[in-house]
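This report reads a single protein chain from local detail to overall form. The sequence and the structure come first, and the discussion follows.

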Amino acid sequence: MADAAVDGTRRVLVAADKFKGSLTAVEVAERVTAGLRRVVPDLGVEALPVADGGDGTVAAAVAAGFERREVRVAGPLGDEVTAAFALRGDTAVVEMAEASGLQRLPAGVLAPLTASTHGSGELLRAALDAGARTIVFGVGGSATTDGGAGMLAALGARFVGGDGEPVAPGGGGLADLASADLSGLDPRLSTVELVLASDVDNPLTGPKGAPAVYGPQKGASPEDVEALDAALAHFAKVLEETETVGALAAEYAASPGAGAAGGIGFGAMLLGARFRPGIEVMLDVLGFAPALERADLVITGEGSLDEQTLHGKAPAGVAAAARAAGKEVVAVCGRLALPAEALGRAGIRRAYPLTDVEPDVAKCIADAGPILERVAERIARDFLA
């Protein structure tokens, strides 16, 4: 929410992502605001927590005024979990990590071959039941590499093996796929706008595909990666032989974003989803443009500002939009791994890492909130006092 600024003070927009493992995006905004106001008590501050489609996307939507809706769905290993989506009017924000994310696995357990996106499909169905006509489907942080097969099954598709029984859940089970039938998909899917919001543009398979690039993060051994890549390629091939998909299967599999979140991007494309960079979608949904218009200074950030930041992460998207509007941007972060020139090219005038205040990284992680407030005091002295 915006606070009225007294005449003569600058207005600040805090549009930062989470500091993963330390602070949510909402907490980042709260701490930055507290630090700024310690130096400029009457400062007008508007907080707009942002996300790029990965974990934290629903929380960002709720902070922007969406209603949080909870539903019981299958977790990645089939156990029931309580997952949330966000709804405002007839627009829903669904985050696949809520149902099928790594955080939904038991501590210390990874299941690269068997983790399923079934719960993500149940979340989409819940959004349809709630009356959504536009669904922003944020994908990232997944525990899965099943090409979205579990999601599609939850929405009415059938994937059977040579014995006529449904194939086992997870990407590994797709190796036994004999036939696919998408004719039973929920008919409401054809009447909604489904937007695939992701910060990655990988294809489904191959050297830059979902198993090769992201499989190891989910516990996949080199042998698992090879098996998953072959299984997903086989999945796409079987879909090519169906009347409902046909040649589009190969086209989708090679498309940017198909490999997002273990290939759920591919599954979403089979549902008619349109791929857009996650941060662009979320800035639209969260109402960033009018908030930006009201601001004189924009503060963005995330836990680590590094090379990945420049490739579709939230701070880069915020900075690009702000620069286009002629607004000055600074960034906060836990760790800074970009030179000043790279920051400048991204539209960020200066970055303020927590490690400038507290060199001990472990302390930065443990005490991120109070340290971030001290960082925000520095920003206020440098740009606002």
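A261 is placed in helix 9, which covers residues 260-270, in what is a predicted model. Although A261 is not a glycine, its phi is positive, at about 50 degrees. The relative accessibility of A261 is 10%, and because the cut-off for a buried residue is under 20%, A261 counts as buried.

A second residue to consider is E377, which is found in helix 15, a run of residues 368-383. With 15% relative accessibility, E377 likewise counts as buried. Once its neighbours within four places in sequence are left aside, the contacts of E377 are with G35, R38 and V39.

The two residues are set side by side below.

| Residue | Helix | Relative accessibility |
|---|---|---|
| A261 | helix 9 (residues 260-270) | 10% |
| E377 | helix 15 (residues 368-383) | 15% |

How far does helix 15 reach from its first C-alpha to its last? The helix has 16 residues and reaches 22 Å, close to the 22 Å expected at 1.5 Å a residue. Its buried residues are A368, G369, I371, L372, E373, V375, A376, E377, I379, A380 and F383. An α-helix has 3.6 residues a turn, so residues three or four places apart point the same way. Against which elements do the buried residues of helix 15 pack? Their partners are two helices and three strands, namely helix 1 (25-39) and helix 14 (361-366), together with strand 11 (297-305), strand 12 (328-336) and strand 13 (350-353).

For the chain as a whole, the secondary structure amounts to 15 helices and 13 strands. Of its 385 residues, 56% count as buried. When contacts between residues at least 6 apart in sequence are taken, 72% of them join residues at least 24 apart.

The radius of gyration of the chain is 22 Å, which agrees with the value near 21 Å that a compact globule of 385 residues would have. Along the principal axes, the C-alpha trace spans about 75 × 40 × 35 Å.

Turning to the surface, the accessible area of the chain is about 15,500 Å², and carbon and sulfur atoms account for 51% of it. The chain carries 33 positive and 51 negative side chains, with the centres of these two sets lying 7 Å apart.

Conventions
Residues numbered from 1 in each chain as written. Predicted model: local features only at pLDDT ≥ 70, side-chain atom pairs only at ≥ 80, totals over all residues. Heavy atoms only, no water. Helix = DSSP H or I, 4+ residues; strand = E, 2+ residues; numbered from the N terminus. Rg over C-alpha atoms; globule rule 2.2 N^0.38 Å. Buried < 20%, exposed > 50% of the residue type's maximum accessible area, 1.4 Å probe, protein only. Contact = heavy atoms within 4.5 Å. Areas by Shrake-Rupley, 256 points an atom, 1.4 Å probe, with all protein chains shown as cover. Lys, Arg positive; Asp, Glu negative; His and termini not counted. Charge placed at Lys NZ, Arg CZ, Asp CG, Glu CD. Expected span 1.5 Å × (residues − 1).
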